[in-house]
Amino acid sequence: MEALPAPDEAALDLDLIARWQAGDELAASRLVARHADPLARFVARMVDRDEVPDVVQETFIRAFGALSGFRSDSTWRTWLFTIARRLVIDRRRSAARRGEEVELGDDQVLAHDTPLDGLLARETSGRMRAALGRLTRLQREVFLLRVQEGLGYREIATIVGSTEGAARVHYHNAMRMVRGHLDD
Amino acid sequence: MTDCQDTAIQDQLPEFVAGALDSGRAEIVRQHVARCAACAADVGLLRQLQPLRVEAPSIDSARIAAAVRAAQPRRGASSDAAIPSVARRQSSRWRPALLRMAATVLVCAGGAAVWQQLVAPSGRLMAVADASVSLSEDTAGLGRSDGSEVLLQSVSYGDLGDYTAEEMQTVLARLDAWDGAPSEEPLGTLPVVTTTAGHLP
């Protein structure tokens with residue numbers, strides 16, 4: 001699990017963004033390098049493994065292209081995760097329109113078998129996998145963003161398009177359900 | 001097992017397990033967990049989940065950064081949210097010069113209009129002169145009927161439709177003879193021709 005981004009880390013991102021906008025080409029490299037791996041892990045929960053690099057690259061391109069809409073009241077990482085989530089949703093909807101997949105709602109990003117399921121099947125007990133599998137998709141998304149990526153409720157709310165209070169409720173409900181399932 | 005009612009502590013458990021709390025806050029949580037069975041169970045669960053990080057393929061950050069730079073060729077001109085961009089500073093620096101150029105064009109256009117007003121009463125003007133040179137009516141064979149000098153400010157051969165065929169041949173012959181050498185003052189050899197406005201006497 002990652003620690004929450006320290007304030008100076010977020011400030012460093014803002015400084016790099018300002019330098020990039022002022023013409024510093026290397027600032028883009030640092031902004032990508034600092035967040036590519038966490039972003040890839042986040043994306044890997046939603047898409048097949050071989051799609052991850054493309055989604056990550058497209059996310060960064062969109063994020064840099066939309067910097068005029070970036071507000072420093074959220075972090076660069078939150079900005080990236082939010083764009084990535086929407087990008088995955090758009091891809092799934094496009095695939096559904098082409099008849100490749102059943103269309104899914106925004107709260108169903110983790111609707112069906114994902115790499116996480118495979119990972120859990122390989123690396124953890126069946127009980128833990130079953131416990132996580134009993135969560136709603138949104139609960140599981142919030143829960144894992146909190147537990148494994150170390151995001152705060154406000155960041156999670158921004159990413160999933162909810163409120164901070166709702167994200168906190170989803171997390172605690174998920175924790176209670178998983179614990180209850182493991183206790184059975 | 002009853003749920004813990006201390007939501008402030010519960011909210012800090014993920015950071016506590018990750019070792020992301022400062023020492024003071026970590027000690028407070030540690031003491032709470034020691035006496036709270038619900039939070040102790042949560043800590044145990046979080047520690048079970050800790051190694052379950054999703055494996056993602058390796059990402060080529062350099063390639064992505066290059067793609068980002070290639071996709072944003074005009075970022076300075078378009079993304080001006082955080083700080084003044086180089087492009088915007090350059091734009092503001094050029095603005096006064098552009099205004100001066102526009103003003104110059106307007107003055108020249110106005111001058112040409114005044115000049116046309118001046119020469120219109122005397123008929124056709126076909127002369128070339130530098131702005132600093134004045135030509136008298138006798139010198140140029142043109143100009144105002146009262147003999148006053150006219151300041152020539154532009155080059156004009158008039159309307160070619162005003163030339164007869166013979167006059168046109170004369171003009172062309174003089175143009176052929178005029179080498180237009182820039183090292184000499186051209187006024188003395190200018191192919192100035194008076195016309196009859198298409199009507200030979």
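The following paragraphs lead through a predicted model of two chains, A and B, from their overall make-up to particular packing details.

Chain A is built from nine helices and has zero strands, so that its order of elements from the N terminus reads α-α-α-α-α-α-α-α-α. Chain B, by contrast, has eight helices and two strands, arranged from the N terminus as α-α-α-α-α-α-β-α-β-α. In chain A, 42% of the 184 residues count as buried, while in chain B buried residues make up 17% of 201. As for contacts between residues at least 6 apart in sequence, 63% of those in chain A join residues 24 or more positions apart; the corresponding share in chain B is 54%.

The confidence of the prediction should be kept in view. The average pLDDT of chain A is 81, and 82% of its residues score at least 70. Among the elements of this chain, helix H3 (residues 52–65) has the highest mean pLDDT, 94, and helix H5 (residues 115–123) the lowest, 53. Over residues 102–113 of chain A, pLDDT stays under 50, although the model has 22 contacts beyond four places in sequence for this stretch. Where pLDDT is low, predicted coordinates should not be read in detail.

The interior may be considered next. The largest nonpolar core holds 53 residues, and those with the most contacts inside it are Leu39(A), Ala40(A), Val43(A), Val56(A), Ala84(A), Val142(A) and Ile156(A). Helix H2 (residues 25–44) of chain A supplies the largest share of this core, namely nine residues. A second, separate core consists of eight residues, including Phe16(B), Leu21(B), Val33(B) and Cys36(B). Within chain A, Ala84(A) touches Leu39(A), Phe42(A), Val43(A), Val55(A) and Thr59(A), leaving aside residues up to four places away in sequence.

Val142(A), one of the core residues named above, also takes part in the contact between helices H7 and H9 of chain A. Two packed helices are described by the angle between their axes and the distance between the axes. For H7(A) and H9(A) (residues 164–183), the angle is about 90° and the axes are 8 Å apart; the two helices are therefore roughly perpendicular to each other. On the H7(A) side, the contact is formed by Leu138(A), Gln139(A), Arg140(A), Val142(A), Phe143(A) and Arg146(A); on the H9(A) side, by Ala167(A), His170(A), Tyr171(A), Asn173(A) and Ala174(A). By character, the residues of this contact divide into six nonpolar, three polar and two charged.

Beyond H7 (137–147) lies the loop that leads to helix H8 (153–160) of chain A, and Gly152(A) is situated in this loop. Is Gly152(A) buried or exposed? Gly152(A) is buried, because 20 other C-beta atoms lie within 10 Å, and 20 or more is the criterion for burial. Its C-alpha atom is separated by 10.0 Å from that of Val142(A), ten residues away along the chain.

The helices H7 and H9 of chain A also meet chain B. In helix H1 (residues 7–18) of chain B, the buried residues are Gln10(B), Leu13(B), Pro14(B), Glu15(B), Phe16(B) and Val17(B). The buried residues of H1(B) pack against H7 and H9 of chain A, together with helix H2 (23–35) and helix H3 (37–49) of chain B. Phe16(B) is thus named both here and in the second core. After H1(B) comes Gly19(B), with a positive phi near 70°.

Methods: Residues are numbered from 1 along each chain as its sequence is written. Chains are lettered from A and ligands numbered from 1 in the order in which they are written. This is a predicted model: local features need pLDDT of at least 70, side-chain atom pairs count only at pLDDT 80 or more; totals for chains, interfaces and linings use all residues. Helices (H or I, at least four residues) and strands (E, at least two) are DSSP runs, numbered from the N terminus. A residue is buried if 20 or more other C-beta atoms lie within 10 Å of its own, exposed if 12 or fewer, and partly exposed in between; C-beta atoms are placed from the backbone. A nonpolar core is a set of buried Ala, Val, Leu, Ile, Met, Phe, Trp, Tyr and Cys residues joined through C-beta atoms within 7 Å. Two residues are in contact if their C-beta atoms, placed from the backbone, lie within 7 Å. Axes are lines fitted to C-alpha atoms, for helices over the stretch in contact, and angles run from 0 to 180 degrees between N-to-C directions. Angles under 35 degrees count as roughly parallel, over 145 as roughly antiparallel, 65 to 115 as roughly perpendicular and the rest as oblique. Ala, Val, Leu, Ile, Met, Phe, Trp, Tyr, Cys and Pro count as nonpolar, Asp, Glu, Lys and Arg as charged, and the others, Gly among them, as polar. pLDDT is the predictor's confidence in each residue, from 0 to 100.
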